[in-house]
Amino acid sequence: MLWLGCVGPVAAQTSLQPEGWDRGLKLPEAVDTNPDPHVVEVNLEARVAPVEIAPGQSVEAWTYNGGVPGPLIRLRVGDRLIVHFLNKLPKPTTVHWHGVRLPIQMDGVPGISQPEVKPGESFTYDFTVPDAGLFWYHPHVMSAAQVGFGLYGALLVEDPNEHVGVPDELVLVLSDMSVGTDGVMESPEAGGSIANMFGREGTNVLVNGRKHSKLVVRSGAPQRWRIVNVAKSRFFNLDLGGVPFRQIGGDGGLQEYAVDHDTFVLAPGERADVIVTPRAEPGAEMTLRSVLYYRGFGTIEGRFPFDDLFTIAMADLPPNADVRAPDTHRSIEPLPVAGATAIDLEFTLVQGAEDPEYRITGARFTRDKAVTAQLGETQLWTVTNKSAWSHPFHLHGYFFQVLDEHGVPVKPMAWKDTVNIPFEQTVRFIVRFDDRGGSWMFHCHILDHAEAGLMGMVDVGIAHASHEKH
Ligand code: C2O
Ligand code: CU
């Protein structure tokens, strides 16, 4: 069997990059303590620790295993993941596995999936990863504060049968952090309720926890970037000076077919799987930037037009000779719109008793206002954003397919768990709930917005006394 793996594009399995090309951006990986090849067992400890975000610039951050981001957890599709989590923070926390289709008991939402993990306590997460793709983990307690302080990490589920043919890969965790000149993190409440309404963006833009790193690459050699935006409010709008981003996938693994983009927007919570092939003379440099993105009233005015993320320097090597653009295909079955139950939600911003508050369909969230679904039910959700700011909507535990204005899945088809709902616009998507019952959260992934009211839940397979009356 083993030699079969060598049939086909053998060359594609060998790195085309110079030795140490990704040193500036390589993520530390979690150590698997389990000898079973299909079980990944890791220790994860949340603790306050100093991290260096730039040479000579250290910050006391909230970390997983002492780093920002936390360790990359790498598995293969179908593997079982066991995480021995220990909370050494001064506050309670949990770990939510963003995008993973797991049982509700493992979803990390306090009061629903599990109790909060108090300081000094531990909790064991144990589930199987059914889908290939890039996922991520973060707390679900005081999320805006805890994510802003540095608690996030990437979870990469690989599919050995996925033949993308690009041997050189990077996992890129995009984030930001607000640090004062004294090296102390800014209060997550700075700016009060007005800042909640906008969503606070950190002042230091980081890639894999660093400012201004450098890759040293071979011209013409393709690189596969698995990207996640974990920032609590910031949208990234990537620009590599005209080098196209060939997108092959998103939240839920590969998409139907590849598409080239000149610039590329990633809302908080979203992932992208892209291939970039920088070409230039040896010694030349280019910079990956994030260009300002208009996500609603007052979000770009008076700001610097871009942030530099990292530099790509061309090694003194002959360029890669193979100029074919790698291509991928995946067939995705459209979920049937006919017969789907209609669910309508409206996001508004109203003046509450004291502060402006976000509302979902006119109400503050309460348990008895939950959306309900039967096990196995297909639903067509129409989410209308009537506020002046865009909201990246995230549903826990399930993937959906975004529909266009004719009710047909957006092309190329893709599985998503997070989709931006631009200000004053409507987005529709179709979702099929399976046999994993429970109360699954949905919320804006601008975490200040979630805490200011943009969160709710869908009760899957749970009888509701109040609903049975109708
Ligand atoms: Cu990524 Cu409820 O979160
Ligand atoms: Cu929002």
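Helices (H or I, at least four residues) and strands (E, at least two) are here DSSP runs that are numbered from the N terminus. The model is predicted, and for that reason local features need pLDDT of at least 70 and side-chain atom pairs count only at pLDDT 80 or more, whereas totals for chains, interfaces and linings use all residues. Residues are numbered from 1 along each chain as its sequence is written, chains are lettered from A and ligands numbered from 1 in the order in which they are written, and side-chain values use heavy atoms, with hydrogens and water left out.

**Domains 1 and 2**

The domain assignment, whose bounds come from an automatic or database source, divides the chain into domain 1 (39-158), domain 2 (169-314) and domain 3 (341-460). Between domain 1 and domain 2, whose C-alpha centres lie 21 Å apart, the contact (heavy atoms within 4.5 Å) takes 30 residues from domain 1 and 28 residues from domain 2. The area buried between these two domains is about 2,300 Å², with carbon and sulfur atoms giving 65% of it; buried area is the accessible area (1.4 Å probe) that two parts lose on being put together, summed over both. Of the area that domain 1 buries against domain 2, I53, L134 and W136 supply 27%, more than any other three residues.

Across this interface the rule finds one salt bridge, a term for a side-chain nitrogen of Lys or Arg within 4 Å of a carboxyl oxygen of Asp or Glu. Eight residue pairs are found in polar contact across the interface of domain 1 and domain 2, both residues being at pLDDT 80 or more. A polar contact is a pair of N or O atoms within 3.5 Å, where within protein one must be able to donate a hydrogen and the other to accept it, and residues adjacent in sequence count only if both atoms are side-chain atoms.

**Three buried residues**

Buried means under 20% relative accessible area, exposed over 50%, and partly exposed in between (1.4 Å probe, protein chains only). The table places three residues that count as buried.

| Residue | Place | Relative accessible area |
|---|---|---|
| N229 | strand β12 (residues 223-229) | 0% |
| E270 | loop between β16 (263-266) and β17 (271-276) | 11% |
| T378 | strand β23 (residues 378-385) | 14% |

Leaving aside neighbours within four places in sequence, N229 is in contact with residues including W136, L174, R234 and E270, and the side chain of N229 reaches the backbone nitrogen of A231 at 2.9 Å. E270, with residues up to four places away in sequence not counted, touches N229, K416 and V419, among others. The side chains of E270 and K416 are joined by a polar contact of 2.9 Å, and the C-alpha atoms of E270 and V419 are 7.3 Å apart in space although these residues are 149 residues apart in sequence. For T378, the residues touched include P336, T341 and I430, again without those up to four places away in sequence.

**The copper ion**

Donors are N, O and S atoms within 2.8 Å of the metal (3.2 Å for Na, K and Ca), and sites may look incomplete because water is not among the atoms. The protein donors of the copper ion (ligand 2) are H391 (ND1), C444 (SG) and H449 (ND1), lying 2.0 to 2.1 Å from it. H391 lies in strand β24 (residues 391-395) and C444 in strand β28 (residues 438-444), so the pair ties together parts that are 53 residues apart in sequence. Both H391 and C444 are buried.
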